[in-house]
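These are my notebook entries on charge pairs and enclosed space in one model. I wrote down each point as I looked it up.

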Amino acid sequence: MRTINIGLFGLGVVGTGLLTILQNNRDLIRARLGAEVRVKRIVTAHPEKPRSVNLAGIPLGTEPAAILADPEIPIVVELIGGTGAAREIVLGALEAGKHVVTANKALLAEHAQEIFGKVYEKGASLGMEAAVAGGIPVLRSLKEGLAADNILEVAGIVNGTCNYILTKMAQEGAQFADVLAEAQQLGYAEADPTFDVEGHDAAHKLAVLVNLAYGTTVPFGAIYREGISGITPMDIEFARLLGYNIKHLAIGKLEDGRVEARVHPTLVPRDHLLASVNGVFNAVFLTGDNVDATMSYGRGAGGLPTGSAVASDVIDIARNVLSGIRGRVPALTVVAEALRDLPVMPIEDISSEYYLRFQVRDRAGVLARITTVMGSHGISIQSMIQPSQADHPDDPVQVILITHRARERDIRRSLSEIGPMDFILGPTQVIRIERVGT
Ligand SMILES: NC(=O)c1ccc[n+]([C@@H]2O[C@H](COP(=O)([O-])OP(=O)(O)OC[C@H]3O[C@@H](n4cnc5c(N)ncnc54)[C@H](OP(=O)(O)O)[C@@H]3O)[C@@H](O)[C@H]2O)c1
């Protein structure tokens, strides 16, 4: 039986998960591939660290060249993370004519042009299934399952930490900061949670999704990003009264030659499938012009789920290597000549329905003044609630409006006119509403 050698960079959560899978499911993988996958060498920052996986017979070191210069290793697996050493390793491996598997969404999103440019130049394969929604095979659906469809929309819950926090806030009526502290204790949130809760991680994943969906490399900085730290239990409760759950969504579309790409908290109708995706779970809707809406659900993180996606990419590329084929499936779903440079639509140009929570003085005529301004910008109101009256005349009351579909630019103009009015007692909460897949 033939052997396919891989060189592994990084032996953390995902690296250890990958090794465990390759060891536990060795016979199965051999049966499916018709060859043995062998980890020929591992490079990691601290080779002496104790590990929870059997490393017998695998040489460990710190020197990238031990893998990159080894002609017997056709596939390099990068599981270090970050955009420093990982970038050099991935580019070095591609330059050396190797194929690459990575789970590194930050690298793929922030250095898309450079990395994919090299992949296409070298005719290499780049496996990145683990970079988006962990163990859920979403990218393979985009590349192969939906190869004949125009992708009308990619949208989903792609950050388990945000989803865990929003779920707990909804279930317990708890404040964001309290649930975050609990999530950190349980290991569902990092010590520095900014990256997750402010939407950077979701934006990285969305960049990968839209780049594949539309055969492009969008500038990462152009993706619109809002996190969940401004969501209050009050908003979750008012949304519930109006028939919605609040989820942190990543949304990508192609409108008139411009990519719409945004991550932000979103009101999702309570009877929509995404509304019942709870806890650390992820779910991604892919909508094609022929297939219509599809949804994939599962674990977006963790050593074994993410390791499963990495191992599947290794097997996929190993099949090509065994057949003597390079770059069989284009990394960005289209061949090099069909790649496009698509601009990202500014957030002001998107249209959506909106949840607006105004904090106002409890007096007659306030609602009429708000709706008059909104009407002057062509925004019409779908529904309204004013759940309580003020105990004291100086206390704000909350007025919640749900708009019909409107341009973000018009919403912003209205709010900049309403904001300075004398009855407004605090900042207005703005949350977009989406009906994904419809
Ligand atoms: N964790 C998840 O559930 C998950 C899910 C999806 C995607 N990902 C992605 O998978 C990648 C790895 O994540 P992880 O959670 O496994 O990270 P991790 O647990 O922090 O492990 C990182 C590994 O990289 C090694 N390393 C760091 N710098 C290095 C360098 N300069 N040279 C060689 N080795 C180096 C570390 O070595 P030592 O152990 O020797 O110190 C460690 O083994 C990241 O891109 C991440 O975004 C992770």
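Entry 1. Which side chain meets that of Asp349 in a salt bridge? I was working on a predicted model, and there I found that the partner is Arg409, with an N to O distance of 2.7 Å. I then looked up where the two residues sit: Asp349 belongs to the loop between α13 (303-323) and β13 (351-361), while Arg409 belongs to helix α15 (residues 408-418), so the salt bridge ties together parts that lie 60 residues apart in sequence. For the accessibility of each partner I noted that Asp349 has a relative accessible area of 13% and is therefore buried, whereas Arg409, with 32%, is partly exposed.

Entry 2. I next turned to Glu226, which forms a salt bridge with Arg432, and I recorded 3.1 Å between the closest N and O atoms. This pair links distant parts of the chain, since I placed Glu226 in the loop between β8 (224-225) and α12 (233-241) and Arg432 in strand β17 (residues 429-433), 206 residues apart. Is Glu226 buried or partly exposed? Its relative accessibility is 22%, and because the buried class ends under 20%, Glu226 counts as partly exposed. Arg432, at 2% relative accessibility, counts as buried.

Entry 3. I also looked up Asp70, whose salt bridge with Lys40 has its closest N and O atoms 2.6 Å apart. Here too the pair links distant parts of the chain, with Asp70 in the loop between α3 (65-68) and β4 (75-78) and Lys40 in strand β2 (residues 35-43), 30 residues apart. I noted that both Asp70 and Lys40 are buried.

Entry 4. How many salt bridges does the structure hold? I wrote down 31 for the structure. I then looked for shared partners and found that Glu153, Lys253, Glu260, Arg262 and Glu434 are joined by such salt bridges into one network.

Entry 5. I moved on to enclosed space, and I found that the structure holds two cavities of 30 Å³ or more. The largest cavity contains about 170 Å³ of space. It is lined by 17 residues, and I listed those closest to its centre as Ser125, Leu126, Lys143, Asp316 and Val329. Which elements give two or more residues to this lining? I recorded β6 (126-127), α7 (139-145) and α13, with α13 giving the most, namely four residues. When I sorted the lining of the largest cavity by class, I had six nonpolar, four polar and seven charged residues.

Entry 6. Where does the largest cavity lie with respect to the domains? I found lining residues from domain 1 (2-138 + 303-338) as well as from domain 2 (140-298), and because both contribute, the largest cavity lies between them.

Entry 7. I finished with the second largest cavity, for which I noted about 50 Å³ of space. Its lining is made up of Leu22, Arg26, Ile29, Arg30, Ala35, Glu36 and Val37, and I saw that α2 (26-33) and β2 each supply at least two of the lining residues. By class, I divided this lining into four nonpolar and three charged residues, with no polar ones.

Technical notes
Residues numbered from 1 in each chain as written. Predicted model: local features only at pLDDT ≥ 70, side-chain atom pairs only at ≥ 80, totals over all residues. Heavy atoms only, no water. Salt bridge = Lys/Arg side-chain N within 4 Å of Asp/Glu carboxyl O. Buried < 20%, exposed > 50% of the residue type's maximum accessible area, 1.4 Å probe, protein only. 1 Å grid on protein atoms, 1.4 Å probe; cavity = no way out; pocket = protein on both sides within 12 Å on 5 of 7 lines; lining within 4 Å. Points joined across faces, edges and corners; volume = space filled by probe spheres on them. Nonpolar A, V, L, I, M, F, W, Y, C, P; charged D, E, K, R; others polar. Domains from an automatic or database assignment.
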